[in-house]
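Student: I'd like to learn how to read a structure feature by feature. Can you take me through one?

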Amino acid sequence: MAATEDHSTTDAPRSAYYVTTPIYYVNDRPHLGHAYTTVAGDVLTRWHRQRGENVWYLTGTDEHGQKIMRTAEANGVTPQEWCDKLVEEAWKPLWQHLDIANDDFIRTTQQRHTDRVQEFVQDLHDKGEIYKGGYSGPYCVGCEEYKLPNELLPGATEDEKLCPIHKRPVEWLEEENYFFRLSAYGPKLLEFYAANPDFIAPATARNEVLRFVEQGLQDLSISRSTFNWGVPLPWDEKHVLYVWVDALQNYITAAGYGADPERFAELWPASVHLVGKDILRFHAVIWPAMLMAAGLPLPKRVVANGWLMVGGEKMSKSNLTGIAPTDLTSHFGVDAYRYYFLRAIPFGTDGSFSWEDFTARYTSELANDFGNLASRVAAMVGKYYGGTLPAATAAGAAEQAVVDGLAKAAAEADRKIGEELDFAGGIAAVFDFVKLVNGYLTEQEPWKVAKTAFGEGGSAAGSEEGQARLATILYTAAEALRATAVLLNPVMPATSAKLWDSLGAEESLGALADQTIATVADWGRLPAGATVTKGDILFPRLEEKPAS
RNA sequence: GGGGCGGUAGCUCAGCCGGUUAGAGCAGGGGACUCAUAAUCCCUUGGUCGUGGGUUCGAGUCCCACCCGCCCUACCA
């Protein structure tokens, strides 16, 4: 749901678990990488909601800058029209399609943002953190930016220098800009990183930032006067703000900075900024320095995720080897999509994925292990008890092993997903439990117990002992599924809802989303007598891969 | 050029401060079972840990060099 909600102030403000995605540059349509980060944030926030915490999940779009202006021109529309169209026709619909439960969607062209941004930079200007300076230096047309003299490569002649990225000659340009005194914050940042070792994750990202800041920071040019698609500087309207300075502030403007102090106190500082590793510096260096300059608290964590690689190449909008998210969801389904990338790739590292790997995991993990478990349990409760869940009256060591397995899985998933953002590890913990339950059923052989219980094929008319065992086995399996539905709900909400429904759990336990992580491992929550129905197959076998 | 990271079974990856026969999942092979989406469960084949040196009683694990790949280098998650 990409909708803005009114924030209720009836309760006393309590500190929120506030998670942000980057605001995405709307130069083009969303790709797999954007979806990856946004789904991760969604799973993280859904998990914390099920902990019963006060959660706020923000995403949005970054709409200023020269690149967007040019793209709009090339398409014969105004920049605002271009952004409006993409946001409404591409970005918001995709988040809705992927079941993203964001609480707000900020666009940097909204007045609630631009007004606050102007106040923020005016404040920095008043404090002497911003100064006017002429800038002259080597400029690379390819990069559209100034380079540092010492990073240039020698060219063909004595005077010629080359851009290290584009390997082409740079030009000497002069421009009048405003600068933020970023250089003054290097030592303070290093001090902060040292005092807050978890501020930047994973460790590789942290190392990269530390080495960079240790090399010394330069003041940051924060204005542009060569184009006008941006937020004007309040004291000099010939200049617009450098797009990143504008963009970063979305995290506070959306949280009520300068507009709603009570709400701002509740949300800020953010708990987690999720970012792609490419924009780590903005979030781990420039943004904290700006906040320090403004006298605001710093976010608690900046967590960088890696790239999705397809055949060794990164997914990006400039490299449209183009698998759109919907190409995958139309084949595998939305829940499998949400599951796959988080399960298959350790968060924070680059990960290669393939259609084949997705197919293999879908079949093995989702259809065979998980979907089939739900199917076989519901089928047996239907076959032996007419769909009414029996009570467990003869639990023993085997059942205790399932109870213990659940407690372990729940604790591990909570720690890994909720605290460490190790989605792959957390999901694996839940699926280990699914495997354990499959093994339990195979060992207990309820289909054989049923024969003695109901006297089928034997001389006896059935045994009470057998009936007690059968009831216990099926109850244990169903109760295990109840917990699995809760634990997987943040990852696969639609499928978990189907399972919840098939277990007849809502009648006695209420809505799935209201089930808490704290009580998920309390054994025996699903009451005997619940109506268990077979329902739809959770993960149907896949069709052949469509011709590409 | 500067900086960060990786190279371990066919594939995707674990292997913390160096210590007995290098692990998991999937794929491959064999068996059991039949409640279930021909699903499940058990067993199993498979690796000179990128290369070359070094330190050490002992190195995938530390040091050096090199090769290969990826990323950042100040507007692609």
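Tutor: Sure. Keep in mind that this is a predicted model. Let's begin with a strand pair: strand E14 (residues 272–276) runs parallel to strand E15 (residues 302–305), and four bridges link the two.

Student: Which residue of E15 does Val 275 stand opposite?

Tutor: Ala 304 is the residue across from Val 275.

Student: What sheet do these strands belong to, and in which order do its strands come?

Tutor: Read across the sheet, not along the sequence. Here six strands make an open sheet with parallel pairing, in the order E3-E2-E1-E14-E15-E9.

Student: Which are the edge strands?

Tutor: Look at the two ends of that order. Strand E3 (104–107) and strand E9 (200–201) are the edges, and each pairs on one side only.

Student: What about the sheet that contains E11, E13 and E12: is its pairing parallel or antiparallel?

Tutor: Antiparallel: this is an open sheet of three strands, ordered E11-E13-E12. Strand E11 (223–224) and E12 are at its edges with a single partner strand each, so each has one side without a neighbour in the sheet. E11 and E13 are joined by two bridges, and Ser 223 stands opposite Leu 241 in E13.

Student: Let's switch to rings. How many aromatic pairs does the structure hold?

Tutor: There are 29. To classify a pair, check the angle between the planes: over 60 degrees counts as edge-to-face, under 30 as stacked. Take Tyr 178 and Trp 235, with 5.5 Å centre to centre and 85° between the planes, an edge-to-face pair.

Student: Why does that pair tie together parts that are apart in sequence?

Tutor: Because of where the two residues lie: Tyr 178 is in strand E8 (residues 171–180), while Trp 235 is in the loop between strand E12 (232–233) and strand E13 (236–241), and the parts they tie together are 57 residues apart in sequence.

Student: Are the two residues buried or exposed?

Tutor: Tyr 178 counts as buried at 5% relative accessibility, but Trp 235, at 22%, counts as partly exposed.

Student: And what would a stacked pair look like?

Tutor: Try Phe 180 and Tyr 185: their planes are at 20°, so the pair is stacked, with ring centres 5.8 Å apart. Phe 180 is buried, with a relative accessible area of 1%, and Tyr 185 is buried too, at 4%.

Student: Where do charges sit over rings?

Tutor: Look for a Lys or Arg end above a ring face. The charged end of Lys 92 sits over Phe 105, 5.0 Å from the centre of the ring. Arg 281 lies over the face of Phe 212, at 3.6 Å from the ring centre.

Student: How do I read the surroundings of a single residue, say Gln 50?

Tutor: Start with its place, then its exposure, then its neighbours. Gln 50 is in helix H1 (residues 32–50), and counts as buried at 3% relative accessibility. The side chains of Gln 50 and Asn 489 share a polar contact of 2.9 Å. Leaving out residues up to four places away in sequence, Gln 50 touches several others, including Val 486, Pro 490, Leu 512 and Ile 517.

Student: One last feature: where is the kink in helix H13 centred?

Tutor: On Asn 372, with a kink of about 40°; helix H13 covers residues 355–385. Just after H13, Gly 386 has a positive phi of about 60°.

Terms used
Residues numbered from 1 in each chain as written. Chains lettered and ligands numbered in written order. Predicted model: local features only at pLDDT ≥ 70, side-chain atom pairs only at ≥ 80, totals over all residues. Heavy atoms only, no water. Pairing = 2+ DSSP bridges. Phe/Tyr/Trp six-rings, centres within 6.5 Å; stacked < 30°, edge-to-face > 60°. Buried < 20%, exposed > 50% of the residue type's maximum accessible area, 1.4 Å probe, protein only. Lys NZ or Arg CZ within 6 Å of the ring centre and 35° of its normal. Polar contact = N/O pair within 3.5 Å; in protein donor to acceptor, adjacent residues only side chain to side chain. Contact = heavy atoms within 4.5 Å. Bend = angle between axes of the 7 residues up to and from the residue.
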